[in-house]
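Reader: I would like to learn how to read burial and salt bridges in a structure. Could you walk me through some cases?

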Amino acid sequence: MENTREYFKENEEELKKRTLELANGSKFYKRLLRRSAKKIEGGEAFNFNFFNELPKTTKDDLKRNHPFGFLAVDQSEIRGYFESSGTTDESIGSSMTCSYKTEEDLKADWKRRLPEWMLKDLNKGDFAVIHLPYALTSSGIAFHEAFREQGITPVALDQGHTFSSYTRVYSLLKSLQAKVLVCSVPFLLRDIVLYDQNVDIFELPNLKYILTVGTALSDESSKYLEEKYNIKVGKFYGMSEFGAVGVPCSKSHIHVQPDFYFEINNPNNTEANFDEDSIGGEILITDMKSKASPMLKYRTGDSGRIFYKKCDCEFNTPCVEVYGRLKDVIQNGDKGFLFPTTFQDLLIGKEDTSPVHKVVAKGDSEIELELHIQQYKNNPEEVEQIKEELKQLTDIPVEVVVYKFGELFEDIYAQNNYRTTQKVKTMSFHDERKGEWIITY
C-alpha cells in the first residue's frame, strides 16, 4: 500500500462490518451510529469519504458514559477492567476512562506483547523483569501473563510500589541474569541506578532486550541503545483503552497491530496521505476485534505519523512513529513542530550530558523555551554544542539551564518515594531498649 486510501481499501469490508456491529453494540454507539447504520443498511456506499465523516470518540465520551456506557457484552463475561493512567488535572481519583476485557480479549492482547524475533532467543526459565505499573493500566499485567504462558519467568517489579525501587530493578536484573527488561523510560532507569550505584545497567552482559511502552522513545534513542550496547529494543505503542496497538517488528519499527486500524487526524491535511516530510497529526484508533468495550475512531491525544511503505519485515501493516502527547507539541514557526522526541534526539549520544531533561514553555503569543539539562561531568563545550544545534532547530528563544547530575529531578534520583514509604513499617514504634530484636512477618 502507498497511501491512506489504499490502506482503507484493504480494510474496507472489516471496517463496514465493525461499524454495523458497534451500531448494535454498546449504549453509546447505538446512539452515536444509529443514523450511519441506517444509511449503510439503506444501500449508501461505505467508502473512504463515508468512513472519514463518521463521528470520532473522545476521552470525554468515556468519562460521560462511565462505567457501563461502552460495555458491549453481558457483565458476566467481563474478566478485566483497565483505566487510563491519569487525568489531565492530576487528580488522584479515578480517570473514569475505562476499558473492559473478556477472556478472549485478554488472551489476544497477551499474544501481541511478545515479538517472535525475541522469543526465538529465549528459553523456558529465563527471566524477564517488568518495571511497569500494575495498578489499573493494562501493560504490566499483559506482559506478565504473556511471559508466564511462554515459560519465561516474569519478575513483577511494579513501578512505583515500595518494594520496586529502581535500585532493586538493577539488583534483580544482575542477580537473576535477566535477558529482558520491560519499562517505560529506560534512560531514566539507567540514570537513577548510575546515580545510586555508579553502574550502567545497559552494560549488564545478560541484558539482551529492552521492551518499552507508555512513553515515546525516539528512533535515534533506540538506535543508540542497539549500536552502543548491543541491546535490541522493541518499542510498543500501548493504551489501557485498547492494550498493545503498535508492536515492534524485527527491523525495529512500530507497526499497526493487525487487530486495529489507524488514522491521522489533521485539519490541515484532510487527505492524510503523509510522507516523510509531513507534519503528521493526532492518532485515531479503531478497534477491529475486541468484544467487551470496543471503540471506533478514538482520539488518542497522541501525536504521530503513519508510513505506508513496506519495511521488508514480517508485517504488512503500516509503520507508525509516535512523537508524544499532542498537548506537548510546540509550534515551530515555518519549520513545523517541536515534539518531545525532538529533544530526545538533541541530547542522545552526548556522552557527558544526560538524555533525561525537562522542557519549560513560557509566554502566550510569543513563546519562549527553557531546556533544563544535567551533566554527568562538567562539559561547557557540549553545552555550547547543544545551544548551536538548538539555533539550527528553531527560531524560538531557548535558554539552556544546566544542573549537576541528579539535581534536576532530585527526589526521583534520590528515590525518596521508596525510602520514605518504607518508614511506614517502623514509624509507630521506636525501640530504645538495649539488645537485638528479630521481627518476622
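Author: Happy to. Let's begin with a term: a residue is buried under 20% relative accessible area, exposed over 50%, and partly exposed in between. Keep in mind that this is a predicted model.

Reader: How does Lys228 count, with a relative accessible area of 43%?

Author: Lys228 is partly exposed, because its 43% falls between the two cut-offs. Its salt-bridge partner is Glu351, and the closest N and O atoms are 2.9 Å apart. Glu351 sits in the loop between helix 12 and strand 17, while Lys228 belongs to helix 11, so this pair ties together parts 123 residues apart in sequence. Glu351 is also partly exposed, at 44% relative accessibility.

Reader: What is the general idea behind such pairs?

Author: Side chains of opposite charge can pair when their charged atoms come close. In this model the count comes to 23 salt bridges.

Reader: Is Arg18, which forms a salt bridge with Asp287, buried or exposed?

Author: Arg18 is buried, with a relative accessible area of 5%, and Asp287 is buried too, at 2%. Their closest N and O atoms are 3.6 Å apart. This pair links distant parts of the chain: Arg18 is in helix 1 and Asp287 in strand 12, 269 residues apart.

Reader: Which residues share salt-bridge partners in one network?

Author: Asp109, Arg112, Arg113 and Asp259 are joined that way. Take the bridge between Asp259 and Arg112, whose closest N and O atoms are 2.9 Å apart. Asp259 lies in the loop between strand 10 and strand 11, and Arg112 in helix 6, 147 residues away along the chain. Both Asp259 and Arg112 are buried.

Reader: How many residues of helix 10 are buried?

Author: For a whole helix, we count residue by residue. In helix 10, 9 of the 12 residues are buried, which leaves the helix mostly covered. Among them are Phe187, Leu188 and Ile192, together with the charged-type names Arg190 and Asp191. Helix 10 reaches 16 Å from its first C-alpha to its last, close to the 16 Å expected. After the helix comes Asn198, with a positive phi near 60°.

Reader: And which residues is Val180 in contact with, leaving aside its neighbours within four places in sequence?

Author: Val180, in strand 5, is buried, with a relative accessible area of 1%. Its contacts include Met118, Leu122, Phe127, Phe147, Leu173 and Tyr209. Ile130 is 50 residues from Val180 in sequence, yet their C-alpha atoms are 8.3 Å apart in space.

Key:
Residues numbered from 1 in each chain as written. Predicted model: local features only at pLDDT ≥ 70, side-chain atom pairs only at ≥ 80, totals over all residues. Heavy atoms only, no water. Helix = DSSP H or I, 4+ residues; strand = E, 2+ residues; numbered from the N terminus. Buried < 20%, exposed > 50% of the residue type's maximum accessible area, 1.4 Å probe, protein only. Contact = heavy atoms within 4.5 Å. Expected span 1.5 Å × (residues − 1). Salt bridge = Lys/Arg side-chain N within 4 Å of Asp/Glu carboxyl O.
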